[in-house]
Amino acid sequence: MKRALTVAALIFALDQAIKVWVVQVMDLKTLGSINVIDPYLNLRMAWNRGVNFGLGAGLDMRWILIGVALVITGAVVWWVAREQMGKWAHISAGLLIGGALGNIIDRIIYGAVADFLNMSCCGIENPFAFNVADIAIFVGAIGLVFLTPSGENKKST
């Protein structure tokens, strides 16, 4: 469990530090966009008030989404604490927990998640933006699907 919480703390700190740097220091909130390696990687400010890909953004779901994220985060912490899982499952859980907490803080502070990473390629312009927390949540969830114990494959950490 200690490994999962350590990874969660590191991801949370990294996510928040990058968001402060990009949104506040680089002033992306005012500029709106910064070309980095156009078109492959750009910074495009997007305030996500909904869920993935902005779904439900027109609804006032801020506190509902915070509550759902807290329940899911709590369930993952409880699950990891109760089950014997390997090192990589703990790391996956930490990624998911840290990313979820990073996006929860955004919703509390800004009322929306600060998304800004935009990647496009090969003449196809991607209209969506994401952040470090989103990457961590995605990788962590995939890791938990494939790396959690089943039956006699349980390992102690």
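Buried means under 20% relative accessible area, exposed means over 50%, and partly exposed is anything in between. Keep that handy for these exercises on a predicted model.

**Exercise 1. Work out whether Val23 is buried or exposed, and find its neighbours.**

Step 1: Place the residue. Val23 sits in helix 1, which covers residues 2-25.

Step 2: Check the accessibility. Val23 comes out at 0% relative accessibility, so it counts as buried.

Step 3: List the contacts, skipping residues up to four places away in sequence. Val23 then touches Leu28, Lys29, Met45, Trp47, Ala114 and Phe116.

Step 4: Compare sequence with space. Val23 and Asp115 are 92 residues apart along the chain, yet their C-alpha atoms are 9.2 Å apart.

**Exercise 2. Describe the fold and how the protein chain is packed overall.**

Step 1: Count the elements. You should get 5 helices and 3 strands in the protein chain.

Step 2: Put them in order. Along the sequence the pattern reads α-α-β-β-α-α-β-α.

Step 3: Look at burial. The protein chain has 157 residues, and 37% of them count as buried.

Step 4: Look at contact range. Take the contacts between residues at least 6 apart in sequence: 69% of these join residues at least 24 apart.

Step 5: Turn to the outside. About 9100 Å² of the protein chain is exposed, with 67% of that supplied by carbon and sulfur atoms.

**Exercise 3. Find which residues make the nonpolar surface patch, and which helix gives the most to it.**

Step 1: Pick out the members. Trp88, Ile135, Phe138, Val139, Ile142, Val145, Phe146 and Leu147 make a nonpolar patch of about 850 Å².

Step 2: Find the main contributor. That's helix 5, residues 132-147, which gives the most with 7 residues.

Step 3: Zoom in on one member. Phe146 is found in helix 5. Its relative accessibility is 64%, so Phe146 counts as exposed.

**Exercise 4. Find how many disulfides the structure has, and say how exposed each cysteine is.**

Step 1: Recall the chemistry. A disulfide is a covalent bond between the sulfur atoms of two cysteines.

Step 2: Search everything. The whole structure turns up 1 disulfide.

Step 3: Name the pair. Cys121 and Cys122 form the disulfide, with their sulfur atoms 2.5 Å apart.

Step 4: Sort each partner by accessibility. Cys121 has 37% relative accessibility, so it counts as partly exposed. Cys122 has a relative accessible area of 66%, so Cys122 is exposed.

Note on methods
Residues numbered from 1 in each chain as written. Predicted model: local features only at pLDDT ≥ 70, side-chain atom pairs only at ≥ 80, totals over all residues. Heavy atoms only, no water. Disulfide = S-S within 2.5 Å. Buried < 20%, exposed > 50% of the residue type's maximum accessible area, 1.4 Å probe, protein only. Patch = residues over 30% accessible without salt bridge, like charges linked within 9 Å, V, L, I, M, F, W, Y side chains within 5 Å. Areas by Shrake-Rupley, 256 points an atom, 1.4 Å probe, with all protein chains shown as cover. Salt bridge = Lys/Arg side-chain N within 4 Å of Asp/Glu carboxyl O. Helix = DSSP H or I, 4+ residues; strand = E, 2+ residues; numbered from the N terminus. Contact = heavy atoms within 4.5 Å.
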